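Q: Please take a close look at one part of this model, the site where the ligand sits. Then work outward from there and tell me what surrounds the site and what else stands out.

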Amino acid sequence: MAQETFLITGASDGIGAIYADRIARRGANLILVARRVDKLADLANQLHAQTGVHVEVLAADLADPEDLARIEARLRDDDSITGLVNNAGIAGESGFVDTDPAHLTGMIDLNVLAVTRLSSAIAPRLAKKGAGAIINITSVTALMPESFSAVYPATKAFVLAFTEALQAQLGSKGVRVQAVLPGITRTAIWSDEQLANFPPSMVMEAGEMVDAALAGFDMGEPITIPALPDNAQLDAYLAARAALRPNLSLAHAAPRYGVMQAVE
Ligand code: NAP
């Protein structure tokens, strides 16, 4: 098998750092991206020493247009990169009316724009090759936006819809595309106080979450919800959504609106 290389965003901490560890142990070379270059360098040295794979570090603020363009160019031009894990993301939103719009803009830049642009940079090359993988880390909040405020779950719903659309377009071309929906996972995205306020039965360790997500990847799951005990529930949700489809675009408004017009 040809040597694989994965570029992982947000690899300096939390879920991204665990992905780096697990993918290195599978024998793939790594390119680690985040802002805190010291943390990335420590992880790179450790993983290289433990696994022997080549690990490169790229410092980038993916909410910054110039930095993002630099990482896009690398994904577009470097034929050795066979996989992308779009993991970098922020939350940190209080109630919508209390949140600084600048924070919301930064969140959209990172959680939505960077995911879109990085996928767009690598997808044509992978599609042409008929191989490779894009793993997008979204969130269970994509399925329960009313329980969170307000832009964060919307960014994650974007990533879920985007990933499903990519699957439809790239799957038949041999590119593996997976959406991962973690529930509450013990990382620095939460304060200690926030984590302490959740029932322990709702909080997963990051290592277990990533191991389950990679097991789902190996099983060919397009959507992986690590905590979901019965995947038939997800299948039923997707089937209910699909059942709407024949009724979503029709020549006439539904009778309940009382506005149906004769066709002229
Ligand atoms: P985390 O521990 O805070 O790690 C976030 C990572 O993203 C860090 O490596 C951080 O590195 C990087 N990052 C943040 N801003 C960045 C920027 N502007 N440019 C480049 N990198 C940036 O959070 P996490 O929990 O592992 O989150 C990873 C992903 O999982 C996110 O997309 C999050 O939404 C998703 N998720 C998490 C949970 C959870 O409960 N933990 C649940 C569902 C989904 P630097 O600070 O060094 O840049």
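A: Start with Asp61. An N or O atom in the side chain of Asp61 lies 2.8 Å from a nitrogen atom of the ligand. Keep in mind throughout that this is a predicted model.

Two more side chains have N or O atoms beside the ligand. For Arg35, the partner is an oxygen atom of the ligand, at 2.7 Å. For Ser12, the partner is again an oxygen atom of the ligand, at 2.8 Å. The protein covers 95% of the ligand's accessible area, which is 880 Å² for the ligand on its own. Two elements give two or more residues each to the shell: helix 1 (14-25) and helix 5.

How many residues surround the ligand? There are 31. Arg35, Asn87, Tyr152, Thr187 and Trp190 are the closest. By class, the shell holds 16 nonpolar residues, 10 polar ones and five charged ones.

Helix 5 leads outward from the site. This helix spans residues 151-170 and carries Glu164. Glu164 forms a salt bridge with Arg241, and the closest N and O atoms are 2.6 Å apart. The bridge links distant parts of the chain, since Arg241 sits in helix 8, 77 residues away from Glu164. The two ends differ in exposure. Glu164 has a relative accessible area of 18%, so Glu164 counts as buried, the cut-off for that class being under 20%. Arg241 has 39%, so Arg241 counts as partly exposed.

Salt bridges also build a network. Asp21, Arg22, Arg25 and Asp211 are joined into one by bridges that share partners. Over the whole structure, the search finds 13 salt bridges.

Stay with helix 8 for a moment. Helix 8 covers residues 231-244, and Tyr237 lies in it. Tyr237 belongs to a nonpolar patch on the surface, together with Leu143, Met144 and Phe148. These four residues have about 330 Å² of accessible area together. Why can Tyr237 take part in such a patch? Tyr237 has a relative accessible area of 40%, and patch members need over 30% and no salt bridge, so Tyr237 passes the area cut-off.

Just before helix 8 comes Ile225. Its place is in the loop between strand 9 (223-224) and helix 8. Is Ile225 buried or exposed? At 12% relative accessibility, Ile225 counts as buried. Ile225 and Gly207 are 18 residues apart in sequence, and their C-alpha atoms are 15 Å apart.

Now turn to helix 3. It runs over residues 65-77 and holds both Asp67 and Arg70, three residues apart, about one turn of the helix. The side chains of these two meet in a salt bridge, 3.3 Å from N to O. Arg70 counts as partly exposed, because its relative accessibility is 39%. Glu66 also lies in helix 3. With a relative accessible area of 66%, Glu66 is exposed, the cut-off being over 50%. Glu66 and Leu166 are 100 residues apart in sequence, with 25 Å between their C-alpha atoms.

Next comes Asp79. Arg125 forms a salt bridge with Asp79, and the closest N and O atoms are 3.4 Å apart. This pair too links distant parts of the chain. Arg125 is in helix 4 (residues 101-129), while Asp79 is in the loop between helix 3 and strand 4 (83-86), and 46 residues separate them. Arg125 counts as buried, because its relative accessibility is 12%. Asp79 has a relative accessible area of 46%, so Asp79 is partly exposed.

Helix 4 offers one more residue to check, Ser119. Its relative accessibility is 1%, so Ser119 counts as buried. Ser119 is 89 residues from Leu30 in sequence and 17 Å from it in space, C-alpha to C-alpha.

Back to the site itself, then. Asp61 sits beside a ligand nitrogen, Arg35 and Ser12 beside ligand oxygens. The protein covers 95% of the ligand's accessible area.

Conventions. Residues are numbered from 1 along each chain as its sequence is written. This is a predicted model: local features need pLDDT of at least 70, side-chain atom pairs count only at pLDDT 80 or more; totals for chains, interfaces and linings use all residues. Side-chain values use heavy atoms; hydrogens and water are left out. Patches are made of residues with over 30% relative accessible area and no salt bridge: like charges are joined within 9 Å, nonpolar side chains (Val, Leu, Ile, Met, Phe, Trp, Tyr) within 5 Å. Accessible areas come from the Shrake-Rupley method with a 1.4 Å probe; for residues, only the protein chains shown count as cover. Helices (H or I, at least four residues) and strands (E, at least two) are DSSP runs, numbered from the N terminus. Buried means under 20% relative accessible area, exposed over 50%, partly exposed in between (1.4 Å probe, protein chains only). A residue is near a molecule or strand if one of its heavy atoms lies within 4 Å of it. A polar contact is a pair of N or O atoms within 3.5 Å; within protein, one must be able to donate a hydrogen and the other to accept it, and residues adjacent in sequence count only if both atoms are side-chain atoms. Ala, Val, Leu, Ile, Met, Phe, Trp, Tyr, Cys and Pro count as nonpolar, Asp, Glu, Lys and Arg as charged, and the others, Gly among them, as polar.
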